[in-house]
2 protein chains.
Amino acid sequence: MAASRRQQIRRSILDAAIIEFSRNGLEGTSTQAIADRAGLTKPQLHYYISSKEELYDEALQFIVAEWKHIFFMSTESDADPAHVIVSYVTRKIRHAIERPEVARLFAREVARGATALSRHWDDLAASVDQSTAIIQSWIDQGLIRELDPLIFQMNIWAATEYFAEHGAQARYLLGVSDGEALDADRLIRETAELFLARAGLSAPDDRNASAMGTSEGGTSDP
Amino acid sequence: MAASRRQQIRRSILDAAIIEFSRNGLEGTSTQAIADRAGLTKPQLHYYISSKEELYDEALQFIVAEWKHIFFMSTESDADPAHVIVSYVTRKIRHAIERPEVARLFAREVARGATALSRHWDDLAASVDQSTAIIQSWIDQGLIRELDPLIFQMNIWAATEYFAEHGAQARYLLGVSDGEALDADRLIRETAELFLARAGLSAPDDRNASAMGTSEGGTSDP
DNA sequence: AAACGATTTGACCATTTGCTCAGCTTAGTT
DNA sequence: AACTAAGCTGAGCAAATGGTCAAATCGTTT
């Protein structure tokens with residue numbers, strides 16, 4: 001009904017392409033491999049796409065769109081810092097675990113110099129600036145400790161992205177077998193705590209605050 | 001005693017291979033590209049190596065060796081936690097910035113499932129275990145806050161690794177032009193602070209407090 | 001059933017892939 | 001100078017690459 005057969009196929013091609021590209025990059029991926037994954041023959045694939053490069057571009061485009069939902073600190077400017085931070089970290093880690101290919105392909109393209117993303121770079125940079133402003137305002141209001149907002153964001157990005165790129169390693173180290181799902185909640189809790197602590201905050205109240213028991217947060221002077 | 005010409009060439013092949021493999025992986029890298037980068041013809045390259053796979057393996061081997069110097073928390077078990085953490089973070093970030101190809105290739109191989117690293121996996125896992133034990137002992141002694149030692153380590157890894165894989169992005173966001181060097185000290189200071197705060201520590205250490213604060217840039221370069 | 005455009009297919013292209021080889025040049029030893 | 005071995009080269013291999021094409025099939029509409 002809604003999705004024509006044609007659109008369905010194009011979508012499955014895109015899915016296959018994202019997975020393949022995320023593994024070996026543009027040059028390392030053969031159209032044959034994409035075709036195989038999508039359950040098509042090579043000429044059939046080329047009937048639906050115009051070239052590998054364009055398909056790559058399309059995949060990136062798709063990813064940036066998805067990314068924008070997750071990448072940025074919320075605009076609910078009135079929410080308290082702890083809540084915003086936890087929500088951000090949660091979204092990022094969830095996404096990293098659930099759609100590692102997307103996160104990985106994005107990261108790979110960024111690492112390559114993001115030439116194919118250059119159109120979107122400004123968008124992303126603008127959002128980073130916006131987040132920077134929010135964090136800075138928290139500092140100015142004395143809501144959080146003094147810190148470098150940019151590096152703080154980079155650190156968040158790094159910590160969350162990790163689970164997409166190194167899921168296998170995380171699994172192994174945590175002793176989670178291949179089929180099993182990662183204990184996302186635990187990862188999220190611990191990782192969020194990292195940034196809350198840096199900001200001098202404690203977790204937004206849900207249950208008893210037992211984790212913070214020792215030595216009261218260490219209001220140390222930097 | 002002087003490295004024979006042969007060894008010199010093999011070394012330059014290895015260097016070239018590491019760079020190329022780190023960009024596009026095993027399958028995405030052509031022997032032609034490696035030969036070009038090493039300043040050799042293709043048959044010449046094949047005179048020195050036996051196959052692409054074996055060269056890849058050799059590159060990984062080389063990298064693991066280099067990695068072991070940096071990857072692990074120090075064994076100076078009597079050092080105080082703050083010092084150990086800062087030193088670890090510093091080493092990791094320095095390495096990530098100075099030899100991004102090495103860090104990237106390692107990470108890439110890990111992400112692939114680390115099949116070619118499987119021989120070394122146990123070594124690495126053992127070292128992680130060792131670090132875990134050290135951290136746990138700190139907790140037991142009440143030296144640092146309670147936290148999950150494993151996830152703590154993963155977070156450190158993530159935050160430091162980031163600078164290798166996303167150096168371009170970091171440059172861009174920090175407004176550092178291509179030629180310029182990143183202000184490693186600033187990154188290190190801020191990133192170390194992240195983990196110190198999580199552990200409930202403040203930066204070490206008073207006898208030489210200025211060393212952390214304002215040493216400004218002058219690190220020995222390659 | 002005929003006609004239609006939308007698909008699918010096998011054969012095929014030029015180029016590149018990893019790799020080999022016979023023969024050439026060079027460098028070192030006697 | 002004569003001999004040897006290490007190093008280098010152009011040509012070339014089979015296989016895979018990205019991509020094309022005319023001819024065959026399919027699903028619809030008339």
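Which element gives the largest share of the surface near DNA strand C? Helix H3(A) does, with 4 residues. The model discussed here is predicted.

## Surface near DNA strand C

DNA strand C is surrounded by 17 residues. The closest are Tyr48(A), Ser30(B), Thr31(B), Lys42(B) and Lys52(B). Of the strand C atoms that come within 4 Å of the protein, 54% belong to sugar and phosphate. By class, the surface near the strand has 8 polar, 5 charged and 4 nonpolar residues.

## Polar contacts with DNA strand C

Two side chains approach phosphate oxygens of DNA strand C. Gln44(A) places a polar side-chain atom 3.0 Å from a phosphate oxygen, and Thr31(B) places one 2.9 Å from a phosphate oxygen. With Lys42(B) the partner is a base: an N or O atom of the Lys42(B) side chain is 2.9 Å from a base nitrogen of strand C.

Both protein chains supply elements that give two or more residues to this surface. In chain A these are helix H1 (5–28) and helix H3 (42–48). In chain B they are helix H2 (31–38), helix H3 (42–48) and helix H4 (52–68).

## Contact between chain A and chain B

How many residues does each chain bring to the contact? Chain A brings 45 residues and chain B brings 44 residues. Together the two chains bury about 4,400 Å², and carbon and sulfur atoms account for 63% of that area. On the chain B side, the residues that lose the most area to chain A are Arg145(B), Met154(B) and Leu194(B). These residues together make up 15% of what the chain B side buries.

## Charged and polar pairs between the chains

There are 6 salt bridges between chain B and chain A. One salt bridge joins Glu193(B) to Arg145(A), with the closest N and O atoms 3.7 Å apart. The count of residue pairs in polar contact between the chains, both residues at pLDDT 80 or more, is 7.

## Chain B elements facing chain A

Several helices of chain B give two or more residues to the side that touches chain A. They are helix H1 (5–28), helix H6 (100–111), helix H7 (118–140), helix H8 (149–165), helix H9 (167–174) and helix H10 (184–199). The largest share of this side, 10 residues, comes from H8(B).

By class, the side of chain B that touches chain A has 25 nonpolar, 12 charged and 7 polar residues.

Terms used:
Residues are numbered from 1 along each chain as its sequence is written. Chains are lettered from A and ligands numbered from 1 in the order in which they are written. This is a predicted model: local features need pLDDT of at least 70, side-chain atom pairs count only at pLDDT 80 or more; totals for chains, interfaces and linings use all residues. Side-chain values use heavy atoms; hydrogens and water are left out. Contact means heavy atoms within 4.5 Å. Buried area is the accessible area (1.4 Å probe) that two parts lose on being put together, summed over both. A salt bridge is a side-chain nitrogen of Lys or Arg within 4 Å of a carboxyl oxygen of Asp or Glu. A polar contact is a pair of N or O atoms within 3.5 Å; within protein, one must be able to donate a hydrogen and the other to accept it, and residues adjacent in sequence count only if both atoms are side-chain atoms. Ala, Val, Leu, Ile, Met, Phe, Trp, Tyr, Cys and Pro count as nonpolar, Asp, Glu, Lys and Arg as charged, and the others, Gly among them, as polar. A residue is near a molecule or strand if one of its heavy atoms lies within 4 Å of it.
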